[in-house]
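Me: I have a new model open on my screen and would like to learn how to read it. Could you walk me through it, feature by feature?

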Amino acid sequence: MRVFLTGATGFIGSAIVPELINAGHSVLGLSRSDAGAEALIAAGADVQRGSLEDLDSLRSGAAASDGVIHCAFNHDFSNFVANCELDTRAIEALGSALAGSDRPLVITSGTGLGNSAPGQPASEDHFDPNHPNPRKSSELAGIAAAARGVNVSVVRLPQVHDPVKQGLISYLVPVAREKGVVAYVGDGLNRWPAVHVLDAARLYRLALEKAMPGSRYNAVAEEGVSMREIAEALGRGLKIPVVSKSGDEVAEYFGWLAMFAGWDMPASSALTQQRLNWHPTGPGLIADLDRMQY
Ligand SMILES: NC(=O)c1ccc[n+]([C@@H]2O[C@H](COP(=O)([O-])OP(=O)(O)OC[C@H]3O[C@@H](n4cnc5c(N)ncnc54)[C@H](OP(=O)(O)O)[C@@H]3O)[C@@H](O)[C@H]2O)c1
């Protein structure tokens, strides 16, 4: 397949490029910069210049392809709601170029959107349209595109890691450096699921190739790593104390991350493993945190 990949220059997208090429596909990667375009060419991809704001660039990339993987997202969390809305418009534009064909559109969401009851692992089959996380708008845009005849599937991601980047945990490191302590909330037993970036990339390829309309996949290798274990790994790496925060201290310490820091959001990938014969093999989250250069 010729695959249009948005976010091709990002952490996960740059792992998806070789995953697709090594499996015999060709890649048309979206880039909004000269540096990104050069990196894509060096990786063996073709370049679609454009951006999430330039919806025509998204439509032309999708129109020129046999399938689309959408990984671009603006991670300025101070404008998270607006950036979720930008994602909605991008999914609408990509879908409009594919509607009425069976060419697949694989979009991205978070595993947290599948949590149904406290303590229960998120499942692929659950989606709460009233979930407090504004990122639900990406899945709602996917559902709307499916209703217009687009072959949409969703890859839900947990904390995606290697020894350099680890999802939201990467944002905790500068906070901990600045405050001189690493914090967790309460008893720190709330859990975040995780996957190695190469396993996530393989799952995107399998989702694209399988092209099952309406499917949701959880890219989960570890169902839940406790925030206390994560904080202790960061404390070892940064060589600073690990402390508990509660009440008003949580927002004061975590800032915008307070919304996520205390959430218990375990997630299962049992159905994904079965449906796509996907079996994660990468190192675990704590192993990657222990290998990080602090
Ligand atoms: N990493 C995780 O642990 C994790 C967890 C849950 C969900 N996700 C989701 O997975 C997807 C990929 O994440 P990632 O970790 O690879 O993110 P990332 O490293 O921040 O990469 C983001 C990508 O989006 C592109 N991008 C950002 N704003 C753009 C814009 N306005 N127009 C065009 N391109 C734009 C970036 O291009 P430039 O190179 O030009 O900046 C880059 O290619 C996102 O949807 C993210 O929210 C990730």
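Me: Let me start with the sheet: how many strands form it, and in which order?
Reply: Keep in mind that this is a predicted model. To read a sheet, list its strands by who sits beside whom. Here seven strands make an open sheet, ordered E3-E2-E1-E4-E5-E6-E10, with parallel pairing. Strand E3 (46–49) and strand E10 (216–218) are the edges: each has a single partner strand, so one side of each lacks a neighbour in the sheet. Between neighbouring strands the turn is 25° on average, direction ignored.

Me: What does one pairing look like up close, say strand E4 with strand E5?
Reply: Go down to bridges and the residues that face each other. Strand E4 (residues 67–70) pairs with strand E5 (residues 104–110) in the parallel sense, over two bridges. As one landmark, isoleucine 69 is opposite valine 106 in E5.

Me: Which strands does helix H1 touch?
Reply: For a helix on a sheet, ask what the helix touches and how its direction compares with that of a strand. Helix H1 (residues 13–22) packs on the sheet and touches strand E1 (2–6), strand E2 (26–31) and E4. The direction of H1 makes about 175° with that of E1. Helix H7 (residues 197–210) lies across E1, E4, E5, strand E6 (151–157) and E10. H7 runs at about 165° to E6.

Me: Which residues of helix H2 are buried?
Reply: Sort the residues by exposure, then look down the helix axis. In helix H2 (residues 34–42), the buried ones are Gly36, Ala37 and Leu40. Viewed down the axis, these buried residues fall within an arc of 100°, so they line one face of H2. On the other side of H2, the exposed residues are Asp34, Ala35, Glu38, Ile41 and Ala42. The cover over the buried residues includes H1, E2 and E3.

Me: And which residues are buried in helix H6?
Reply: The reading works as before. Helix H6 (residues 169–179) has Ile169, Leu172, Val173, Val175 and Ala176 buried. Among the elements covering the buried residues of H6 are strand E7 (159–161), strand E8 (182–185), strand E9 (191–196) and helix H8 (227–238). Helix H9 (248–254) and helix H12 (285–291) are also included in that cover.

Me: Where does a positive phi turn up just after H2?
Reply: Check the residues that follow a helix, then the loops. Just after H2, glycine 44 has a positive phi of about 95°. Glycine 180, just after H6, has a positive phi of about 80°.

Me: Which residue other than glycine has a positive phi near 50°, and where is it found?
Reply: Alanine 211 is one, with phi near 50°. Alanine 211 sits in the loop between H7 and E10. Asparagine 277 is another residue other than glycine with a positive phi near 50°. Asparagine 277 is in the loop between helix H11 (270–276) and H12. Asparagine 277 is exposed, with a relative accessible area of 58%.

Me: How many residues surround the ligand, and which are the closest?
Reply: Begin with the surroundings, then pick out polar atom pairs. The ligand is surrounded by 22 residues, and Thr9, Ile12, Arg32, His75 and Arg135 are the closest. A backbone N or O atom of glycine 10 is 3.0 Å from a ligand oxygen atom, and a backbone N or O atom of valine 160 is 2.9 Å from an oxygen atom of the ligand. In the side chain of glutamate 53, an N or O atom lies 3.0 Å from a nitrogen atom of the ligand.

Conventions:
Residues are numbered from 1 along each chain as its sequence is written. This is a predicted model: local features need pLDDT of at least 70, side-chain atom pairs count only at pLDDT 80 or more; totals for chains, interfaces and linings use all residues. Side-chain values use heavy atoms; hydrogens and water are left out. Two strands pair if DSSP finds at least two bridges between them. Helices (H or I, at least four residues) and strands (E, at least two) are DSSP runs, numbered from the N terminus. Axes are lines fitted to C-alpha atoms, for helices over the stretch in contact, and angles run from 0 to 180 degrees between N-to-C directions. Contact means heavy atoms within 4.5 Å. Buried means under 20% relative accessible area, exposed over 50%, partly exposed in between (1.4 Å probe, protein chains only). The arc is that of the directions from the helix axis to the C-beta atoms. A residue is near a molecule or strand if one of its heavy atoms lies within 4 Å of it. A polar contact is a pair of N or O atoms within 3.5 Å; within protein, one must be able to donate a hydrogen and the other to accept it, and residues adjacent in sequence count only if both atoms are side-chain atoms.
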